[in-house]
Each structure stands twice: as C-alpha cells, then as structure tokens.
Amino acid sequence: MSEPVVEIKNLSYTYDQQKVLDGINLTVNQGEFLGIVGPNGSGKSTLVKCILGFLKPQQGSISVFGKPVGKQDGSRIGYVSQKANSFNSGFPATVKEVVASGLYGKLGLFRRMTKKHMEQVERAIAQVGLTSYKDHNIGKLSGGQQQRAFIARALVADPDLLVLDEPTVGIDAKTTEQFYGLLRRLHQEEGLTLIMVTHDIGAVSSVVDQVACLNRHLFYHGDPAGFEQRQQEILTLAYGHDLQVVSHYH
Ligand SMILES: Nc1ncnc2c1ncn2[C@@H]1O[C@H](COP(=O)(O)OP(=O)(O)OP(=O)(O)O)[C@@H](O)[C@H]1O
C-alpha cells in the first residue's frame, strides 16, 4: 500500500491558555475524501492550519507525503480557505487572472507565463465548468461561481491533495449540490485526495468516504456507514446534546 498522504500523531494545539486540539491521531490515505465535522469552535480550522503548516503544534507530529509538515513541495497541496468567497465585487481581476495566481508559487511573481502555463489555467477553468466566464470579473460572479474559481486556482498547479475549509458557506442548496458533484468527480475520476471541513453533516455521508468528528478530541474517524450507525451517540459526545440531522440527499 502507498504511504499515507497525511499522518497525524498525538497532536495537541493550544492558543494562549486554551487547548483546542488534544491527542489527535488521524491518517488520510491516498485517494481518500475526508470530511471533518464538529461544532463551532471545535478546532477544525486549527487542525487544517496545522496540516498546511500555517500553525506549529506544541505537541505531536504531522507528516504530509511522508515528510514533516513544511518540508514538502508546496505545489502538491491546494488550499481553499474559509474566506475565499467573500470577495469584493469591485476586485479588478478576471477569473483567468485569479486562477493563474495559483501558479505564482511555482513561477515566482514576476516570471512570464508560458503557453504551457496558460493551457494549465484553461484546463483548470474547464475542470470547474467556468470556461464561458473566464474573462469575467471575479467580483461580478455569484458566490457559487466564485467558489469554483477558487477551486480552479487551487487545482491549477496540479496538486495531489486538496484542502477545503467550509467551502459551501453562504452558498444555496442547489449550488452546494452542484459543488459536491464537482468534488465527487475530482475525487472519483481524477483520484485526488481531499480534506473538507464542513458543517453539513447531513450531506457529508453522500460526498465523502471518511468522516472525522472533532471537538478538541477526535470522537469518530471511519467510514460514513459507521458514522450513520452511531450518529446520535457520536454527535451527543461531540456536540454535547442530541442533534437531529436531516440528510439532504436521502
Ligand atoms: N488565533 C487565535 N487565537 C486565539 N484563539 C483562537 C485563534 N483561532 C481560533 N481560536 C479559538 O480556538 C478555538 C477553535 O477554533 P477553530 O477556528 O479551529 O474552530 P472551528 O471548529 O474551525 O470553528 P468554526 O466551525 O466556528 O469555524 C475557538 O474557541 C477559537 O475561538
């Protein structure tokens, strides 16, 4: 079997006096699609920031593609942050320019784009179905279209791992469904490994193939069937009360 994409061992993270992650052990294997769920303030974004190397944990270790976090080629990881879709409508950049900015890490800011780079940009835009909007101003697109443009920016450098932090916040149910369709295709047809933080517990089981339920501790990590079977028990532990979950997809 190939090496894990992400391997987290006994990870703890503390902000000032507040321990927000405690003793987390979690492995993401190649080709998996992991959904991270948990209540507000449960440490989901902190965990993602540790995986991306933005935060340095006080305890434990994380390796990504077999190397300590921060030591791998950054272009192997695509990231779409929580705030990516709160874009100023006057922002003076086209979809093509925003997507091309995803290559700056590889190119350096002032190196010219070659024909091959431009083809990569066009391909990433096509992957998310925005070809007819490629010359539109990003700020003038709908929230769902903007979100797809940011996915294209994360995909343009051809990453092996895509990390998404609450990508469907502020997006309506129909657009969210289309968006999940896109993620499913990237996962199933292109074999991309994905990690997605989400509040959408109902939909998680129909989109991801692994679920991690977090609230400082990891309360569940396994397949969606096991999660559904023990859902009330796990959510009561993690959320502290019975939470009725309505699935969007059944
Ligand atoms: N930079 C920071 N400094 C101090 N405390 C922080 C910082 N960032 C987050 N926290 C706190 O750490 C806890 C976990 O935050 P985190 O953003 O990881 O949770 P989350 O599960 O992603 O939350 P949400 O679902 O609301 O986005 C929260 O109590 C938050 O207030």
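1. The buried residues of helix 5 pack against strand 6 (77-80), helix 2 (95-100), helix 4 (115-127), strand 7 (161-165) and helix 6 (173-188), and I would begin any reading of this predicted model from that helix. Helix 5 is mostly covered, with 10 of its 13 residues buried; the buried positions are Q146, Q147, R148, A149, F150, I151, A152, R153, A154 and L155, a list in which polar and charged side chains such as Q146 and R153 appear beside nonpolar ones such as F150 and I151.

2. The geometry of helix 5 agrees with expectation, because at 1.5 Å a residue its 13 residues should span 18 Å, and the C-alpha atoms at its ends are indeed 18 Å apart.

3. The largest nonpolar core comprises 72 residues, and those with the most contacts inside it are I51, V99, A149, A152 and V163. Helix 5 (residues 143-155) contributes the most to this core, with 6 residues. Within helix 5, A149 touches V95, V98, V99, L130, I138 and L141, when residues up to four places away in sequence are left out of the count.

4. Strand 9 (residues 210-215) deserves a separate comment: 6 of its 6 residues are buried, so this strand is largely enclosed by the rest of the structure. Q210, A212 and L214 point one way from strand 9, whereas V211, C213 and N215 point the other way, and all of them are buried.

5. The pairing of strand 9 involves both senses. With strand 3 (residues 33-37) it pairs in the parallel sense over 4 bridges, and Q210 of strand 9 is the bridge partner of L34. With strand 10 (residues 217-222), strand 9 runs antiparallel, and 5 bridges join the two; here A212 stands opposite H221 of strand 10. Strands 9 and 10 form a hairpin with 1 residue between them, and R216 in the turn has a positive phi of about 65°.

6. An open sheet of 4 strands has the order 2-1-4-5, with antiparallel pairing. Strand 2 (18-28) and strand 5 (67-68) stand at its edges, each with a single partner strand, so one side of each is left without a neighbour in the sheet. Strand 1 and strand 4 (residues 59-64) pair in the antiparallel sense over 5 bridges, and S61 in strand 4 is the bridge partner of K9.

7. As for the overall fold, the protein chain has 9 helices and 10 strands. Its radius of gyration is 18 Å, close to the 18 Å that the globule rule gives for 250 residues, so the chain is as compact as a globular protein of that length. The C-alpha atoms fill a box of roughly 50 × 40 × 40 Å along the principal axes, and 41% of the 250 residues count as buried. Among contacts between residues at least 6 apart in sequence, 69% join residues at least 24 apart.

8. On confidence, the mean pLDDT of the protein chain is 87, and 91% of its residues reach 70 or more. Over residues 246-250, however, the pLDDT is below 50, and beyond near neighbours in sequence this stretch has 7 contacts in the model. Confidence is highest in strand 1 (residues 6-15), at a mean of 97, and lowest in helix 3 (residues 104-107), at a mean of 73. For the complex, the predictor gives an ipTM of 0.97 and a pTM of 0.89.

Key:
Residues numbered from 1 in each chain as written. Predicted model: local features only at pLDDT ≥ 70, side-chain atom pairs only at ≥ 80, totals over all residues. Core = buried A, V, L, I, M, F, W, Y, C linked by C-beta atoms within 7 Å. Buried ≥ 20, exposed ≤ 12 C-beta atoms within 10 Å, placed from the backbone. Contact = placed C-beta atoms within 7 Å. pLDDT = per-residue confidence, 0-100. Expected span 1.5 Å × (residues − 1). Pairing = 2+ DSSP bridges. Rg over C-alpha atoms; globule rule 2.2 N^0.38 Å.
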